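This report describes one protein chain for a reader who is new to structural biology. Please view the sequence and the structure together before reading on.

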Amino acid sequence: MQTRTLGATGPAVSALGLGAMGMSDAYGPTDRTESVATVHAALDAGVTLIDTGDFYAMGHNELLLAEALRGRDRDSYALSVKFGALRGPGHDFLGQDSRPEAVKNFLAHSLTRLGTDHIDIYRPARLDPAVPIEETVGAIKEMVDAGYVRHIGLSEVDAATIRRAHAVHPIADLQIEYSLISRAVEADVLPTLRELGIGLTAYGVLGRGLISGHWSPARSVPGDSRGFGPRFSSGNVEHNLALVDALRRVAETKGRTVAQLAIAWVAAQGQDIVPLVGARTRERLTEALTAPDLELTADDLTEIEKAVPPGSARGDRYPSAFMASLGVGN
């Protein structure tokens, strides 16, 4: 597994990261045994970056990772943890709390659930409109100084917020959705990251499975949040799956799967970008593992973008209630 460094001050991590959310939340029923086996397979294959959030199934995901990581050398992997999203017992989202005292409270709970003495990259899940980003980052900086956090990250914020945060303490990376069908980051945010020496960890590289080449409306199951996603709604999904068919034709010429090509495209956008894959099974993980090694020529990139032109997807990437909390659009 190749490695990439997250910005000028961040850690060196595997060129592909594992996003663990789907092992606990959002996409319907999960298999704990298979989830643990998938984490083990990722580590054994050289994946060193594992991403979670303290609100993924209300702590379930952190407890799951603690089980999967037990007995592993703590220096052999890096934990990226998002905090601050508030949820009710019905799993509904209630807002974001990024007050300094909340930062330290959330961190204490995550350290306990994960069974570790430090978090490698700690980041607010979204911008809290009631709390200046300087106060939030300042509180995390105190935790860096105390040894509980190694690096500070951000998630889903705009270029101006990145600059304000970076002025308080160096930011290692921004986590944000980036894929062939979600490219808003390219206009202002990505140039800002590169100017400041900040890395990017890209989630949603397969559009929550939409451009994986495996998804179809028949795969929808109870508890799958994609049923509320505009890009998966009737009238939009048919158009979006036609883009997948076009991408499949390009993938076949390379002897690759659609998912591998979509991940490789993100990885090819710069050595400062690390794609996160939300593989919930060893089968899907295995498919993704070699994608960052796929060398795409200029002609390949042209053909991929002909198949899926910028802005060609229909529908927002989140339901309207969530779009307002994002620093950039689709």
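In this predicted model, I119 stands opposite V149, a residue of strand β9. This pair belongs to the link between β8 and strand β9 (residues 149-155), where the two strands run parallel and are joined by 3 bridges.

Strand β8 also has a partner in strand β5 (residues 78-83); these strands run parallel as well, with 4 bridges between them. Here F83 has P124 of β8 as its bridge partner. The table places the two pairings of β8 side by side.

| Strand pair | Bridges | Direction | Example of paired residues |
|---|---|---|---|
| β5 and β8 | 4 bridges | parallel | F83 and P124 |
| β8 and β9 | 3 bridges | parallel | I119 and V149 |

Why is strand β8 described as largely enclosed by the rest of the structure? The reason is that 6 of the 6 residues in this strand (residues 119-124) are buried. As a general matter, side chains in a regular strand alternate between the two faces of the sheet.

A second site of interest is L289, which is found in helix α9 (residues 282-289). Is L289 buried or exposed? L289 counts as buried because its relative accessibility is 17%, and the cut-off for a buried residue is under 20%. Leaving aside neighbours within four places in sequence, L289 is in contact with M1, L16, A45 and V47. The C-alpha atoms of L289 and V81 are separated by 22 Å, and these two residues are 208 residues apart along the chain.

The remaining values concern the chain as a whole. The chain contains 11 helices and 12 strands. Its C-alpha trace spans about 50 × 40 × 40 Å along the principal axes. For 330 residues, a compact globule would have a radius of gyration near 20 Å, so the 19 Å of this chain agrees with that expectation.

Of the 330 residues, 57% count as buried. Contacts between residues at least 6 apart in sequence show how the fold is connected: 75% of them join residues at least 24 apart.

At the surface, the chain exposes about 13300 Å², and carbon and sulfur atoms supply 53% of this area. Finally, the chain carries 32 positive and 41 negative charges, whose mean positions are 2 Å apart.

Terms used:
Residues are numbered from 1 along each chain as its sequence is written. This is a predicted model: local features need pLDDT of at least 70, side-chain atom pairs count only at pLDDT 80 or more; totals for chains, interfaces and linings use all residues. Side-chain values use heavy atoms; hydrogens and water are left out. The radius of gyration is taken over C-alpha atoms; the globule rule is 2.2 Å times the number of residues to the power 0.38. Buried means under 20% relative accessible area, exposed over 50%, partly exposed in between (1.4 Å probe, protein chains only). Contact means heavy atoms within 4.5 Å. Accessible areas come from the Shrake-Rupley method with a 1.4 Å probe; for residues, only the protein chains shown count as cover. Lys and Arg count as positive and Asp and Glu as negative; His and the chain ends are not counted. The place of a charge is taken as NZ of Lys, CZ of Arg, CG of Asp or CD of Glu. Two strands pair if DSSP finds at least two bridges between them.
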